[in-house]
Amino acid sequence: MLDEVVGLGAVTMLGVLEQAYFSLQVIHARRKYKVSPPSTSGPPEFERIFRAQANCSEYFPIFITILWTSGVFFSPGEASAARVCGLLYLYGRLRYFWGYAESAQGRLAPLYFSAKVLWVLIGFSAVGVFLTFCRVYLDVDLLQQLGSALF
Amino acid sequence: MLDEVVGLGAVTMLGVLEQAYFSLQVIHARRKYKVSPPSTSGPPEFERIFRAQANCSEYFPIFITILWTSGVFFSPGEASAARVCGLLYLYGRLRYFWGYAESAQGRLAPLYFSAKVLWVLIGFSAVGVFLTFCRVYLDVDLLQQLGSALF
Amino acid sequence: MLDEVVGLGAVTMLGVLEQAYFSLQVIHARRKYKVSPPSTSGPPEFERIFRAQANCSEYFPIFITILWTSGVFFSPGEASAARVCGLLYLYGRLRYFWGYAESAQGRLAPLYFSAKVLWVLIGFSAVGVFLTFCRVYLDVDLLQQLGSALF
């Protein structure tokens, strides 16, 4: 069991470290632009970094949930696709954060990219849950049936 | 193991899709009311939708955590109660989002409803963790003992 | 499996209850300082409580993720260290919330404390994932090799 999920654990760790990096950037921006808590308003440079981190934090639990759902309900071979998508998502988020820190426009391309990767992961999870459901409750192995029908 | 949790996986998927729907609504509202990021202030119609999504996002990790804790630490039969509560919670959140988009008042009834469902799930989890704890560390099966005492 | 993670389940439950307590405090503060949703601006006393809860909510999924990653990828004996860190983190967050409600300055010491505990948990997870990785993919048990080298 542990052996199958260690790859997911590694991607999860990277995700947590990325969130830590974003949080440190906000602390740094608060000092640079002299915006003391609890205020969250300041110059646009600060607000962009603050919103970038807030947006990434908002999506973090969705990402982790969907990463593990697709990783666990897929068969081990297919699970590596989930891990690759996980890495692509984290890369997209890093580009998003840097882009947003530069300009509001700069966040768009990587935002669309990471949204698309997230939809792929959601698709993987949905298929994985659906196939497991068929196997458990209807006693039908759709993948195997599809295989027999094709070959 | 997978077989026992596939129902939780299905509820989780629905929860993720609901969050995706809320996020798309905010993007739509940003365009409709011309509120460009990083700003989060605008006409009350926009702010209600923004806050509705923010509130749902804030509770999403708590919901997922408690859904799985109650689903995993309960015996399989009782776990279906956790799944039903999960679906009720997601339904309540949908009503909450639509109600809040209409008026600040409209969010209240579904908010109280989904809060109550969440408390039921928290109660399930607490009981499940407590019973497992007794079984593992005190070697006492409280459910069985209760059964013998009653019948 | 369940037996090994029931301690993590108990810490998770406490974390959820703490978040519930923070949420109730914000509802209470909204009434006391007459700040009706969707507004999130008000007197500094309200904004500090609001931001304290928002910050704790933001870190909640990171905390839960890292608690379970370190608890699951560590061997059972070491996992108790993860549970102790989990309890320390929750204690630090409670002190943070109370401190922030008093003054912006009052949040700092418990914030640094809980950040340090989180870094310890991140370190545990990283080591746990790394050791499992070596065992699974390189077929090397580093802990055992280290043990043989030392004694």
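Is Gly106(C) buried, partly exposed or exposed? In this predicted model, Gly106(C) is partly exposed, because its relative accessible area is 28%, and a residue counts as buried under 20% and as exposed over 50%.

**View 1. Gly106(C) in its loop.** The loop that holds Gly106(C) joins helix H3 (76-102) to helix H4 (108-137) in chain C. With neighbours within four places in sequence set aside, Gly106(C) has contacts to Gly99(C) and Tyr100(C).

**View 2. Gly106(C) and Ser36(C).** These two residues of chain C are 70 residues apart along the chain. A distance of 26 Å separates the C-alpha atom of Gly106(C) from that of Ser36(C).

**View 3. Helices of chain A.** Chain A contains five helices and zero strands. Read from the N terminus, the order of its elements is α-α-α-α-α.

**View 4. Dimensions of chain A.** Along the principal axes, the C-alpha atoms of chain A occupy a box of roughly 65 × 30 × 20 Å. The radius of gyration of chain A is 19 Å, whereas a compact globule of 151 residues would have a value near 15 Å.

**View 5. Interior and contacts of chain A.** Of the 151 residues in chain A, 47% are buried. Among contacts in chain A with a separation of 6 or more, 67% link residues 24 or more positions apart.

**View 6. Surface and charges of chain A.** The exposed area of chain A is about 7,300 Å², and 65% of this area comes from carbon and sulfur atoms. Chain A carries 12 positive and 10 negative charges, and the mean positions of the two sets lie 15 Å apart.

Technical notes
Residues numbered from 1 in each chain as written. Chains lettered and ligands numbered in written order. Predicted model: local features only at pLDDT ≥ 70, side-chain atom pairs only at ≥ 80, totals over all residues. Heavy atoms only, no water. Helix = DSSP H or I, 4+ residues; strand = E, 2+ residues; numbered from the N terminus. Rg over C-alpha atoms; globule rule 2.2 N^0.38 Å. Buried < 20%, exposed > 50% of the residue type's maximum accessible area, 1.4 Å probe, protein only. Contact = heavy atoms within 4.5 Å. Areas by Shrake-Rupley, 256 points an atom, 1.4 Å probe, with all protein chains shown as cover. Lys, Arg positive; Asp, Glu negative; His and termini not counted. Charge placed at Lys NZ, Arg CZ, Asp CG, Glu CD.
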